[in-house]
Amino acid sequence: MLTAEQNRLLTDVAPGTPLHNYWKKQWIPALRSEALKPGGAPQKVELLCEKYVAFRGDDGKVGFLYETCPHRGISLALGRNEGNRLTCIFHGWSFDADGNCTRMPTEKDQSFCQKVKGQGFKVREGGGIVWAYLGEGQPPKFCDYAFTYLTREHARPRASYNEANWLQNVETLLDSAHIGLLHHDTTADASLPQAGLQLVTGNDTPKYTLEQRSYGMRSYSLRSSGSENDYLRVTEFVAPGTAFIGTTDAEAGFLIIVVPVNNTRSLQWYIYWDTRQPIDNNLPDFALLGTDDSDDNFAASRQGTPNYGQDREAMRASKSWSGVPGVIFEDYAVAESIPIVDRTREFLGSGDLAIVRLRRELMERIRQSEAGEDCLQAEASDYRALRALAEIIPTNTNIQEFTEQKLQDRKASFA
Ligand code: FES
Ligand SMILES: [Fe+2]
């Protein structure tokens, strides 16, 4: 349970709030690189309750600007993209990819251009994503996750939006206890290649071991099968919104990043990577189930469908637990059911231990951010080395030692 004040601290991302300031200290995955064609249409991007526009010049360089023109405030998304400049169609002011104003046809004295500052933001591209730094001053070390070194052949980022506050989306990523319940239709499917997942079914009280890390937190959730084997899932959480989700050696690497668009809308990235084969040959079934073709918002056609098509007949006939088709949309239906959860009215139990620690970790980092302390610990963090695990292990295995060894092996054989 949180106080109303704590709940607001962790959910309100409007400009001026501590959460807004904290998020602005990070590199934020904003849109897919492929969404921006050289000389093509600029794209609107909303992040942290603020509006931006992104464009790619003919030279390939990406510009990331405030959406509104600093002259009289109309949208630069209407603008002309030519000559590596975005030009407002109202009075023709032009901006380069760094946000510098380079031309003002309405002014005799072009030196007025130099007075117009603060329109552009720093960007990087990696792993098929345009990452933006929306804060002031120098950005932190880039969060160079392993997939950011790969091309589209081996890394596939898929973006989508849901109409819920970012925090409940992140909480779901750390909530191992819901997997065997909400996602029962999938975990109970005996034909699944991920044999370990079946050990989740009917085993809904994982034992958590949580370790603080420079980047955030490592969460071990262990389920006993009652025989000689246990099922271990290790999730790596990178504050504030990234979680590496456990997979087996045979599966692709997988992480999810949650970004606040505004207080009741989230951008979610589902990112898969595999260095050993083309990623499209090794996408998990659930990744595409029920989704649109577009990787820029794969949930678009499902939004507005009441309860994501929950099938009451299938529920009554015990053919489906949630009635919602698809793992991803089960999570979305839950998140959107109450767009900002009232955490003053919760009863948290032992199955929610990871959630409690997650909130504590975020509150501490927000406090550090406000105090001007190092709230990211980016220099101390080896982002590139992060992996997660899903493994069947002999009962009584030392899970920390096992995990360290396994992560080393995986890094060596599967970059
Ligand atoms: S509003 Fe953009 S140039 Fe006037
Ligand atoms: Fe889930």
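This is a tutorial dialogue on reading the metal site, a sheet, and the empty spaces of a predicted model.

User: Which conventions apply to this model?

Analyst: It is a predicted model, where local features need pLDDT of at least 70 and side-chain atom pairs count only at pLDDT 80 or more, while totals for chains, interfaces and linings use all residues. Residues are numbered from 1 along each chain as its sequence is written, chains are lettered from A and ligands numbered from 1 in the order in which they are written, and side-chain values use heavy atoms, with hydrogens and water left out.

User: Let's start with the metal. Which protein donors does the iron ion (ligand 2) have?

Analyst: Donors are N, O and S atoms within 2.8 Å of the metal (3.2 Å for Na, K and Ca), and since water is not among the atoms, sites may look incomplete. Here the iron ion (ligand 2) has His178 (NE2), His183 (NE2) and Asp331, which appears twice through OD atoms, at 2.1 to 2.5 Å. The donor residues follow the spacing H-x4-H-x147-D. His183 sits in the loop between helix H4 (179–182) and helix H5 (184–187), and Asp331 in helix H8 (residues 327–337), so this pair, 148 residues apart, links distant parts of the chain. Helices here are DSSP runs of H or I with at least four residues, strands are runs of E with at least two, and both are numbered from the N terminus.

User: Why is the arrangement around the iron ion (ligand 2) irregular?

Analyst: Four donors count as tetrahedral if all angles lie between 85 and 135 degrees; four count as square planar and six as octahedral if opposite donors are over 155 degrees apart and all others between 65 and 115; anything else is irregular. The four donor atoms subtend angles of 55 to 153 degrees, so the arrangement is irregular.

User: Are His183 and Asp331 buried or exposed?

Analyst: Buried means under 20% relative accessible area, exposed over 50%, and partly exposed in between (1.4 Å probe, protein chains only). His183 is buried at 5%, and Asp331 is buried at 16%.

User: How do I read the open sheet of four strands?

Analyst: Strands of a sheet pair through backbone hydrogen bonds, either parallel or antiparallel. Two strands pair if DSSP finds at least two bridges between them. The order is S5-S6-S7-S8, with antiparallel pairing. Strand S5 (80–82) and strand S8 (101–103) are at the edges with a single partner strand each, so one side of each has no neighbour in the sheet. Two bridges join S7 (residues 94–95) to S8, and Ser94 has Arg103 as its bridge partner in S8.

User: What about empty space: how many cavities are there?

Analyst: On a 1 Å grid over the protein atoms alone, a cavity is a set of points where a 1.4 Å probe fits but cannot get out, and a pocket is an open set with protein on both sides within 12 Å along at least five of seven lines; lining residues have an atom within 4 Å of a point. There are four cavities of 30 Å³ or more. The largest cavity has a volume of about 250 Å³, and among its 26 lining residues, Gln26, Trp27, Cys143, Tyr145 and Ala239 are the closest to its centre.

User: And which residues lie closest to the centre of the largest pocket?

Analyst: The largest pocket holds about 640 Å³, and Ile179, Arg233, Ile245, Gly246 and Phe254 are the closest to its centre, out of 40 lining residues. The second largest pocket has about 480 Å³, and H8 gives the most to its lining, with four residues.

Definitions and conventions
Points joined across faces, edges and corners; volume = space filled by probe spheres on them.
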